Amino acid sequence: MHGTPQEEAFVTSLIRDYYKAHKGITTDRIAEREFGAGTFERKIAYRHLHFRDDAEFSRFLIDKAPAYVSYSVAYYRRPDARPMPNKGWIGAELVFDLDATDMHLKCQDLHGRSWICENCLSSVRSETLKLIEDFLIPDFGFSEKELGINFSGNRGYHVHVKKESILQLSGSARKQISDYISGNGLNAETLFPTMGRRGAKLIGPSPENKGWRGKIARNLLTNMEKGEENLESIGIDKATARNIYKKRALISMGIKNGNWDMVYIKNKAEFWKKILVSQAIAQSDRIDKNVTKDPTHLIRMPGTIHGETGLTSKKITSISELSEFDPMSEALAFTSGEVDILPNKSIEFGMAGRIFSITESKKITLPVYAGIYLALKGLASIYIT
Ligand SMILES: [Zn+2]
């Protein structure tokens, strides 16, 4: 928000009221984490903060009512010491930060990167489910209760792995995890060993295989059942998708036995490569940055307010809750009252199960959560009474 001091003071007072009413916001190992806090202009304006317990943290939230609160994914003996090496690093969670803006979605060409639509939110939610259900649980053996999931407060999700055995992982071990999930180093030749051999049957993965091999086989089978469009969505051209769909019974019988040669495909190597890429997590660069980054990283503290939306980075307690989570209804911080705003853009959006249609330069009264959302996104100014 590039608001006036009066607007900022107004939103700050809403944030303060929220923290007064929600004194239980905390985290595990609170005394071992470094905290940072921000203003509307700078997400991390100051850091190296340390809180001894929940009560001290709660007093800080109420006193300062910061626009952003972040905390370290690392644990330290002296979180407030500086420079960084003096903190006494104990270990760090493995954190995956997924954001809709990294997904190269078509809708973003239409509405720009700072706005977020329903498609952005459902796409990043599916990607997060994919990370958990296709990688973290089956391939790495983490259990649901070892994962902390929260909405980021704006346009994505964070998944924290807190299992004791990963806390000490070195940078290179973290890099290997991120490479695996991103599909780096996977190539069609290892998955299809007879590829390119003249006259040889194309032998490939079967659905019972572990790791990537099984994933690729299962994914093709699932998409084949769902229809031609689904095949196109994983990178198969229209004509081939039609051909595969027509012969799906025959092809799936073959794949279940590891025989991928039941249908003729032009440029096989290129064809399978495309399919591999579509199954990796779409934001490998971002995952790489987050998983392997230096241990000084701070990330949004779950449960706190995000100063660009007025939504909270709400904790999500299970995978099934995540699969239906709607942040525009379930992560609202400012649930009472109304506010008058002056929009600087015409836009339609949904929040709390309602559709709001606003017109540029036309004053309108909205529920506080909706008006503040627009103001914080820079799309409206607030009438201060
Ligand atoms: Zn969108």
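## Exercises on a predicted model

In strand β10, isoleucine 316 is the bridge partner of isoleucine 149. Strands (E, at least two residues) and helices (H or I, at least four residues) are DSSP runs, numbered from the N terminus. The model is predicted: local features need pLDDT of at least 70, side-chain atom pairs count only at pLDDT 80 or more, and totals for chains, interfaces and linings use all residues. Residues are numbered from 1 along each chain as its sequence is written.

**Exercise 1.** Determine the order of the open sheet that contains β10, and state which strands stand at its edges.

*Solution.*
- Step 1. Two strands pair if DSSP finds at least two bridges between them.
- Step 2. Strand β7 (residues 147-151) is joined to β10 by two bridges, and the two run antiparallel.
- Step 3. Five bridges, also in an antiparallel arrangement, join β7 to β8.
- Step 4. β6 and β8 run antiparallel and are joined by six bridges.
- Step 5. The order of the four strands is therefore β6-β8-β7-β10, with antiparallel pairing.
- Step 6. The edges are β6 (94-99) and β10 (315-316); each has a single partner strand, so one side of each is left without a neighbour in the sheet.

**Exercise 2.** Identify residues that stand opposite each other around β8, and describe the turn between β7 and β8.

*Solution.*
- Step 1. Valine 161 in β8 is the bridge partner of leucine 94.
- Step 2. Leucine 147 also stands opposite valine 161 in β8.
- Step 3. Glycine 148 has histidine 160 in β8 as its bridge partner.
- Step 4. β7 and β8 form a hairpin with four residues between them, and glycine 153 in the turn has a positive phi of about 100°.

**Exercise 3.** Establish how far β7 and β8 are covered, and which helix lies across β8.

*Solution.*
- Step 1. A residue is buried if 20 or more other C-beta atoms lie within 10 Å of its own, exposed if 12 or fewer, and partly exposed in between, with C-beta atoms placed from the backbone.
- Step 2. In β8, five of the six residues are buried, and the strand is mostly covered.
- Step 3. β7 is largely enclosed by the rest of the structure, because four of its five residues are buried.
- Step 4. Helix α4 (residues 118-136) lies across β6, β7 and β8 (156-161), and runs at about 20° to β8. Contact between two residues requires C-beta atoms, placed from the backbone, within 7 Å. Axes are lines fitted to C-alpha atoms, for helices over the stretch in contact, and angles run from 0 to 180 degrees between N-to-C directions.

**Exercise 4.** Describe the second open sheet, with the order β2-β1-β3-β9.

*Solution.*
- Step 1. This sheet has four strands, and the pairing is antiparallel.
- Step 2. β2 (46-49) and β9 (298-300) are the edge strands; each has a single partner strand, so one side of each lacks a neighbour in the sheet.
- Step 3. Neighbouring strands of this sheet are turned by 30° against each other on average, direction ignored.
- Step 4. Strand β3 (residues 68-72) is joined to β9 by three bridges, and the two run antiparallel.
- Step 5. Serine 72 stands opposite leucine 298 in β9.

**Exercise 5.** Locate the buried residues of helix α5 (residues 171-182) and state what follows the helix.

*Solution.*
- Step 1. The buried residues of α5 are Ile177, Ser178, Ile181 and Ser182.
- Step 2. They cover an arc of only 125° around the axis, which puts them on the same side of α5. The arc is that of the directions from the helix axis to the C-beta atoms.
- Step 3. Glycine 183 follows α5 and has a positive phi, near 75°.

Notes: Expected span 1.5 Å × (residues − 1).
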